[in-house]
Amino acid sequence: MRWARGLPTIFDPYTTTDSNTVDYAFGVYDMLFGLDSKLVPQPQMLDSWSASDDKKTYTFSLRDRLSWHDGTPVTAADCVASIRRWFQTPGGQLVNERTKDVSKVDEKSFVITLKKPLGVLIDQLAQVDVYPLFMMREQDARRPPTDAVTTHIGSGPFKFNEELYVPGASITFDKYDGYVPRDDAPDGLAGAKIARVRRVVWAKLPDPQTAMAALQAGEVDVLVEVPADLFPVIESDPNLVLENLYKSGFDYFLRMNCLQKPFDNVKARQAVLHLINQDAFLSVINPSLKGNRNVTSLFGVNTPFSNDANTNWFRKGGDPEKAKQLLQEAGYTGEKVVILDPTDWTEGHNASLFLASELRKIGLNVELASSDWAALVARRARKDSVENGGWSIFISSLPDFSLTSPNSAAFMAMNGEQGWVGWPQDDQYEVLRAKWADVTGIEAHRALAREMQQIFWDYASSAYLGHVPALSAYRKNLTGLIGLQAGRLLMWNMRKD
Amino acid sequence: MVTYIFRRMISAIVVMAMVGVFIFLLVRLAPGDPADIIAGRAATDQTVADIREQLGLNAPLPVQFRQWAGNLLNGDLGMSVFAGRPVLQLISQRLEPTISLSILTMILSVTVGISFGILAAWRTGGLVDRLLTAFSALGYSVPVFVIGYFLIYFFAIRAHWLPVQGYTPIDGGLGPWFVHLILPTVALSLGYIAFIARVTRASMLEVLSEDYMRTAAAKGASSHAMLFHHALKNAGVPILTVIGISFAYLIGGVVITETVFNIPGVGRLVVDAINNRDYPIIQGVLILTSGLYVLINLAVDLAYTLIDPRIRY
C-alpha cells in the first residue's frame, strides 16, 4: 500500500505541532483514550478508568498484553513518564497546572491526582488537535520535549521500518504482529485498530502532476492531499475516488499585528472584517469551489460550539465604503502595511496577493514581503514596527477541528505578548477562556463559546477568509479507509482488493 | 605536469576554504532557522526558543563556524538537524540515484549529441542538417519539466510501457533500475544533446573548411577517414570543454528532473534541506558539490593533453 503525502521531518509528536508527525504517531504510538467518530473519548489503551467522588483522583488501568515494538510490555511507569513529558508541552499545560501528582500504583495502574477538579480532564487526555498525549517508553519519555525522540518504538499497530527509511523521500511502516486490538468495532480513533495490510509506504511526491499520474497508473494507492486543479482529472477517471476523508477541512484566516499601527486600533481591524468578502477569497484559494463554505464563528464551521454570536455585522463583508469610514475614524495616516507573503505555499500566496489588492482599494499603503514559509515564521515572531523588520498581516490556515479547544488552540487565546503572534489582549476574554476547563457538559460549553465569541469579534484580531475541504483521492480497489472529523487519515482497517 | 597538478590542488584548497566560509554565512543570513520549522505552525514563541537553545543556535557565529570547520577537517560533515543522522550517510544514500541519472544522461547526451553534430556538419545545408538544427533548437528551448510531463503522459499513462516515477536501487536488479531511469534520462538529455550537437556541428564545420581537409579530400581520403580521423580529433577541444561544462551543470540540473520523476537524489535532498533550514545538510552538499566542480575542471584540463598533443602544462 503506497500513500503519496507529506512526510514528517521530526518523529517526536511532543517536539513539533507538524501534522505529518502527528499522523506518523497515530500509526506507531497508541493513546490512553481515542476519540470516536462523534468526538467522544473512549478508552483505547485502557481497560478501565474511574474518578473519585470529589473528582480529584482519577485511576487508570491498562489493557492486558500491550507491548512495545521491541517486545517489552507497556507498563504504568511508561504512561506516567509520558504524561509528565506531555505536561511540558503546550498541549498538556492545562492538566499540568491542575495536577498535584501523577504516580504509578502497580505495573498496570496509575493515578492522576488533581489540586482541584478539572471538568475537561478526559477530553484533554484524548485531544488530538495540538500535542496529543501519545504513550512512549519510559526511557524515551524522560527526555525533554525539545530533545526529539528518534527511536521509533511505540506500541501502536504499525512499526517503523528503519532499514527502508529514506529521509525526505519515503518512510515505511510494517504491521506490528504483537499489537492486540480492542474487541469493539473500529470507530474513529476508538475501537479496534486492525492493520489489514502488511506494509504501508508513505512517499513524498513533490510534483502534484507526477503524483496524479502515479495514482492513475496504480503506482500509488492514495493521494492524501489533492490540489483543486486536479479534481476534474480524478472525477473523470473511473478507477479513482475523490472523497473528503480529512473531514475537518481547513479554515483560512488573516492575522493582524495588534501591537503596531495601524492595527493597534480596533477600528482599523474592524475595517478589515467589513472589507473581507469570503466568497471572493475562496474563489482564489480553492477555484474549484467544491465544498467551500463561509466561516464566521470563532469556533469554526463543523465543531459542536460553532455559533452566530456577534457575526451579523461582518457576515456579508465586501463593504469597502464602511471599511474606508472606519479607517478614517481610526486616524489612519498612510502608515505602511506589510503583508507577509509565503511564495512556497500556493494558496497562501494567492490569497496574500488578493488581500493586497483589496486593502489598496480602501486606501491602505500596502507592501508585500515575499519569502518562503520558514522566513515568514521567523519574521512574524518580531514585535517591532514594520520599519524595523516587523509586520502587519499574514495569512495562514488551521484545521477546523482544532477550534474545539480554546485551551490549547493558540489562535484562540487573547493573552497579549505572552501568547501567539499578533498578540491580542483582552483580560475579560481570558477569564472566560480559563472557565472552559471547569464547566462540564456541551450546553455549558456552547453558552461559554457565545460569550467568548462576542468579545473575540469585537476585538477583531483576525478575520476568516473561508473554509476549504481537504479532499483525498484513492483507487477504487481500496476499502475501509478511516477519515476523521478530527482531520486525520488512519492506516488501520483499510484493505486493498 | 606533476607541478601543474600540485599547483591546481593547492588553489583548489584555497577555493574550497572560501566556499566554506561563504556557504556558512549564506545559510545563516537567510531568515528563519531550523527551530521554527521543527516547532511547527502552531507553536508558541517559547517552544521555538527552547528548541533553538537545545540545537545550539544561540551560540555566536564564530563559535558555530569553528565547530563546523573543525569537524569538516576531520571528514565529519555533521548531523542532520531533522533526520538525526550523519550528513555523509544521508548524502551517500542519495548519491546513487543522482550519479546513475547523471552518468546515463551524459552517455546518451555525448553519443547522440556528437553523432547529430557530425551528421549535421557532414550534410550541412541539407534536409538532415535542417532537421537536426530544428531539433537542437527545440531541445534547447523546451524546459525539462515540460518534456518530462509529455514523456510521462505518452509512455507511462497512455502506453503503460514505463513507470511514471520512482527509483529502484541497482542492487534491486539491473532491469528495474534501468527501466525507472529511461524517462528521466531522456527528459534530462534532450537539452544537453542539443547543446553538444550545436557545438560539435560548429566546431566540425570550422575544421572541415581548413586547407588540410581539402588536401585530404584531394588525396582521395574516404568520408569516414576525413570525418573521424582528421576532423573530429581536431574539433575535439571545444567539444570536450562543452561536455565538461555540461557535466558540471548537470549536478545542479538534476534537481528538477528528480522532482518531476520523484527520484530521491541529492538534488531533492538539498532542496528539502533549504526549505527546512537544515544547515548541516546544505553546507555538506554544497561543499561536496563545489569540490566536484573543481575536480571536473581539473579533469577536463588534463584531458586536453590527450586530444591535442600541442597542449602541455
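Visitor: How many residue pairs are in polar contact across the interface of chain A and chain B?

Guide: The rule finds 11, with both residues at pLDDT 80 or more; a polar contact is a pair of N or O atoms within 3.5 Å, where within protein one must be able to donate a hydrogen and the other to accept it, and residues adjacent in sequence count only if both atoms are side-chain atoms. This is a predicted model, where local features need pLDDT of at least 70, side-chain atom pairs count only at pLDDT 80 or more, and totals for chains, interfaces and linings use all residues. Residues are numbered from 1 along each chain as its sequence is written, chains are lettered from A and ligands numbered from 1 in the order in which they are written, and side-chain values use heavy atoms, with hydrogens and water left out.

Visitor: Which element gives the largest share of chain A's side?

Guide: That's α13(A), with 6 residues; helices here are DSSP runs (H or I, at least four residues) and strands too (E, at least two), numbered from the N terminus.

Visitor: And how many salt bridges between the chains?

Guide: There are 3, counting a side-chain nitrogen of Lys or Arg within 4 Å of a carboxyl oxygen of Asp or Glu. One of them joins B:R277 to A:D372, with the closest N and O atoms 2.8 Å apart.

Visitor: New topic: are A:W3 and A:W202 buried or exposed?

Guide: Both are buried (under 20% relative accessible area; exposed is over 50%, partly exposed in between, 1.4 Å probe, protein chains only).

Visitor: Which parts does that pair tie together?

Guide: A:W3 sits in strand β1 and A:W202 in strand β10 of chain A, so the pair links parts 199 residues apart in sequence.
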